[in-house]
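I opened this notebook to keep track of what I looked up, one entry at a time. The entries follow the order in which I went through the model.

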Amino acid sequence: MMLMERCIETQKDLYLCFIDYSKAFYKVRHEELFHILDSLDIDGKDLRILKTLYWKQTATVRVGGEHSEETPITRGVRQGCILSPDLFNLYSEMILRELDKIQGIGLGGHNINNIRYADDTVLIAQSEQSLQKMLDIVVKESEIKGLSLNIAKTESMTISKKPQAPSCKIRSNGTQVKQVNQFKYLGYMLTSDGKCETEIRKRIITSKTTFKKLSPLMTNRNIHMDTKIRISKAYVWSVLIYGCECWTMNNTLKKKIEAAEMWFIRRILKVSWKNKKTNDEVLDMANTGRSLYSTIRRRQMKFTGHIYRARGIEHLAMTGKINGKKSRGRQRTTYVGTR
């Protein structure tokens, strides 16, 4: 989100391609995976444990009490294993390493052309031509490693300050990649305008749906009010504030957040708008105060501190210089500007 805002601030368009592999975790070749592990400085004991988990596995099919012949398993990582995302990252690193020389976004003297978490990969470029070149290399190297793109779920998007986002007509093996105006990446809704209003609105709607599912409990008069508030914070607020550390807040969004909080409290108390009770009166009835917005801000400040201590790509996105010129007039409110 910060990278998008920084590019918009310097009047640069951002071209993204969200890659989806077909059954990615099932197609990792064991031979190539352990060849990669052997080339790393990994303790021999740890390497032997990994090989014991994966090497020379066999499987049989039991039908009517009889077993088929043993078939060797030479592909795939274990689903649910905490090592699987790391192993896949190492595997995909050999694919995306071929992109090092292709220009993405110049950020603080570093070239950022991809972001990935396990099999969720995003290619980043400043032009359609560069993005197409990256995609061609990824498709080619992935096929060498035994992976194939799911073109039906692979999508592209452009981030721009312009009223109409630039088109992005890239292709994979002759098939055009679908361009979208919004995409949910790691549970966060990214939009082509680089703003977070859509994400916050969806989070509020989802949290209200969660509250309605709990309404028999939340409106039970035999349960103490303090207990209801604690349940609301545990099960409803957690849905609403997911990913709030990346939200760029302004007064309009602050009012939406506070309105959602009052929506929860009024329904806990069964106070309708027809009762003509002010928000302050409702808060006095509940013996509580507004704290949702302050909770979001507190989490954002903690996250900002973590970014500055970790000195990772998030810190680079927040503080790194992007060559470009700001537009005339009042600038957008940015994540860094609201800290």
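**Entry 1: a charge and a ring.** I began with Arg78, which lies over the face of Tyr54, at 5.7 Å from the ring centre. I keep in mind here, as in every later entry, that this is a predicted model.

**Entry 2: aromatic pairs.** I then looked up the aromatic pairs, of which the structure holds seven. For one of them, Phe18 and Tyr185, I noted ring centres 6.0 Å apart and planes at 45°, so the pair is tilted. I also looked up where the two residues sit: Phe18 belongs to strand 1 (residues 14–19) and Tyr185 to strand 14 (residues 182–185), so the pair ties together parts that are 167 residues apart in sequence. Are these two residues buried or exposed? Phe18 is buried, with a relative accessible area of 2%, and Tyr185 also counts as buried, at 14% relative accessibility.

I next noted a pair that is edge-to-face, formed by Phe211 and Trp263, with 5.6 Å from centre to centre and 70° between the planes. This pair, too, links distant parts of the chain, since Phe211 is in helix 6 (residues 197–213) and Trp263 is in helix 9, 52 residues apart. I found both Phe211 and Trp263 to be buried. Returning to Phe18 and Tyr185, I saw that they form one aromatic cluster together with Phe183.

**Entry 3: the sheet around strand 1.** Having met strand 1 through Phe18, I followed it into an open sheet of five strands, whose order is 8-9-1-10-13 and whose pairing is mixed. The edge strands are strand 8 (114–117) and strand 13 (178–179), each of which pairs on one side only. I looked up how strand 1 meets strand 9 (residues 120–125), and found that the two run antiparallel and are joined by five bridges. Within this part of the sheet, Cys17 stands opposite Leu123 in strand 9.

**Entry 4: the cavity.** Last, I looked for enclosed space, and the structure holds one cavity of 30 Å³ or more. About 70 Å³ of space lies in the largest cavity. Which elements give two or more residues to its lining? They are helix 8 (225–240) and helix 9 (251–269). Among the lining residues I noted Ile229, Lys233, Trp237, Glu261, Phe264 and Ser291. By kind, the lining residues divide into five nonpolar, four polar and two charged. Helix 9 thus appears twice in my notes, here with the lining and earlier as the place of Trp263.

Conventions
Residues are numbered from 1 along each chain as its sequence is written. This is a predicted model: local features need pLDDT of at least 70, side-chain atom pairs count only at pLDDT 80 or more; totals for chains, interfaces and linings use all residues. Side-chain values use heavy atoms; hydrogens and water are left out. On a 1 Å grid over the protein atoms alone, a cavity is a set of points where a 1.4 Å probe fits but cannot get out, and a pocket is an open set with protein on both sides within 12 Å along at least five of seven lines; lining residues have an atom within 4 Å of a point. Grid points are joined across faces, edges and corners, and a volume is the space filled by probe spheres set on the points. Helices (H or I, at least four residues) and strands (E, at least two) are DSSP runs, numbered from the N terminus. Ala, Val, Leu, Ile, Met, Phe, Trp, Tyr, Cys and Pro count as nonpolar, Asp, Glu, Lys and Arg as charged, and the others, Gly among them, as polar. Rings of Phe, Tyr and Trp (its six-membered ring) pair if their centres lie within 6.5 Å; planes under 30 degrees apart count as stacked, over 60 as edge-to-face and the rest as tilted. Buried means under 20% relative accessible area, exposed over 50%, partly exposed in between (1.4 Å probe, protein chains only). A charge sits over a ring if NZ of Lys or CZ of Arg is within 6 Å of the ring centre and within 35 degrees of the ring normal. Two strands pair if DSSP finds at least two bridges between them.
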